[in-house]
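Thank you all for coming; I would like to take a few minutes to walk you through one structure. Please have the sequence and the model in view while I speak.

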Amino acid sequence: MSKITNEELLQRVTAQFGKNVTNVTDPYGLLTVETSREQIIDVLSWLKADAQLQFIYLTDITAIHYPEIEGKEVGVIYHVHSLVNNIRIRIKVFLAEGDVNIPTATTVWNGANWMERETYDFFGVNFTGHPDLRRILNVDDMTVYPMRKEFPLEDPNRVDKKDYFFGR
Amino acid sequence: MSDIQIVDAPPGVEGAGFFATSLDKAVGLARSYSLWPLPFATSCCGIEFMATMASHYDLSRFGAERLSFSPRQADLLMVMGTISKKMAPVLRQVYLQMAEPRWVMAVGACASSGGIFDTYSVLQGIDEVIPVDVYVPGCPPRPEAIIDGFINIQKLVQTESLRRRDTPEYQALLAKYGIL
């Protein structure tokens, strides 16, 4: 059991950041908030440093692509975990397609280094200030960001699934 | 008498005290029953290969007792499993390090065509980067199928000319892959 509830956590967060934290939901009991890229490092470092909350563990950084939402196409998502209080929080930041820049979280957690490289590799999110932002999993000479919706998932070189092989 | 079967002599001219055949056939026979395979196993087909090498199926019966884990000494490259695009240069390097004569066997759907992994990160068949002699279908193929593929390699070895590497077709094939 968590030592603090989502309500107490949300109260602390809104008391600290007020209107900079929006769109509060808790799907499946996981408190989820949205903030801006100007605020994200402040939010993360406050969560980590706060003497009561102690969100000392960065579980993951990932991204999501919604090409249909104008101006908020790319979302960067942070999962942080308070090992002391046994509670998690998810923080989202949405960015516009043409301006996918966000400050790096390596200033708060060194472990964010590879997570941000992975997010850059698959979604093309540019983490400004990252010490070594290059591809981590895909081949170095790849030119696309494969998890973006505009890129086909299937390999275009594949010929054996063409329709004419199946009389279509 | 033992019931162990011994390979027949190649066709030739036989008389009292002598036997004459062409060097091609004699060398082909010797090569085909002493192939040193290099297992390049990356996933589940590699598990089937382990069964193929083990006592039940015993690939050693066909002369492949000695697996070579150095490409320099290997005759046959057996590629078993999914090859990601990041692995492709590694596979190509291994092939380049092998000395002629060399043969390549693509075992399983992934090595042959990419299989179910029709995706941005997986090589759609190893024949995109290196020439392949025999394809073994299956996902994964049973050990019998791998042995069948191996026997087909042996047939190739027996019937090909002694210096395949000098033939214009082979050189054109390698040139297609950018290999000199």
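Let me begin with a definition, since the first pair I want to show you depends on it: a salt bridge here is a side-chain nitrogen of Lys or Arg within 4 Å of a carboxyl oxygen of Asp or Glu. Please also keep in mind that what you see is a predicted model.

With that definition in hand, look at E34(A) and K72(A), which form a salt bridge whose closest N and O atoms are 3.2 Å apart. E34(A) sits in strand 2 of chain A, while K72(A) sits in the loop between strand 3 and strand 4 of chain A, so this pair ties together parts that are 38 residues apart in sequence. Are the two partners buried or exposed, or something in between? E34(A), at 12% relative accessibility, counts as buried, because the cut-off for buried is under 20%; K72(A), with a relative accessible area of 33%, is partly exposed.

Over all chains, a search of the whole structure finds 13 salt bridges, and I will pick out a few of them. In chain B, the side chains of R102(B) and E100(B) meet in a salt bridge, at 3.3 Å from N to O. Here R102(B) is buried, at 5% relative accessibility, whereas E100(B) is partly exposed at 24%. Another pair in chain B is E144(B) with R142(B), whose closest N and O atoms are 3.2 Å apart, and E144(B) is partly exposed, with a relative accessible area of 42%. Back in chain A, salt bridges that share partners join R37(A), E38(A) and D99(A) into one network.

Now let us turn from charged side chains to nonpolar ones. In soluble globular proteins, nonpolar side chains tend to be buried together. The largest nonpolar core in this model has 41 residues, and those with the most contacts inside it are L47(A), Y78(A), I89(A) and I91(A). Among the elements of chain A that give two or more residues to this core are helix 1 (6–17), strand 4 (74–82), strand 5 (87–95) and helix 3 (112–123). Which element gives the most to this core? That is helix 2 of chain A, with 6 residues.

If you would like one residue to follow on the screen, take I89(A): leaving aside residues up to four places away in sequence, I89(A) touches, among others, L9(A), V13(A), V33(A), L47(A), F55(A) and Y78(A). Finally, there is a second, separate core of 23 residues, which includes L77(B), I83(B), L123(B) and Y177(B).

Notes. Residues numbered from 1 in each chain as written. Chains lettered and ligands numbered in written order. Predicted model: local features only at pLDDT ≥ 70, side-chain atom pairs only at ≥ 80, totals over all residues. Heavy atoms only, no water. Core = buried A, V, L, I, M, F, W, Y, C linked by side-chain atoms within 4.5 Å. Buried < 20%, exposed > 50% of the residue type's maximum accessible area, 1.4 Å probe, protein only. Helix = DSSP H or I, 4+ residues; strand = E, 2+ residues; numbered from the N terminus. Contact = heavy atoms within 4.5 Å.
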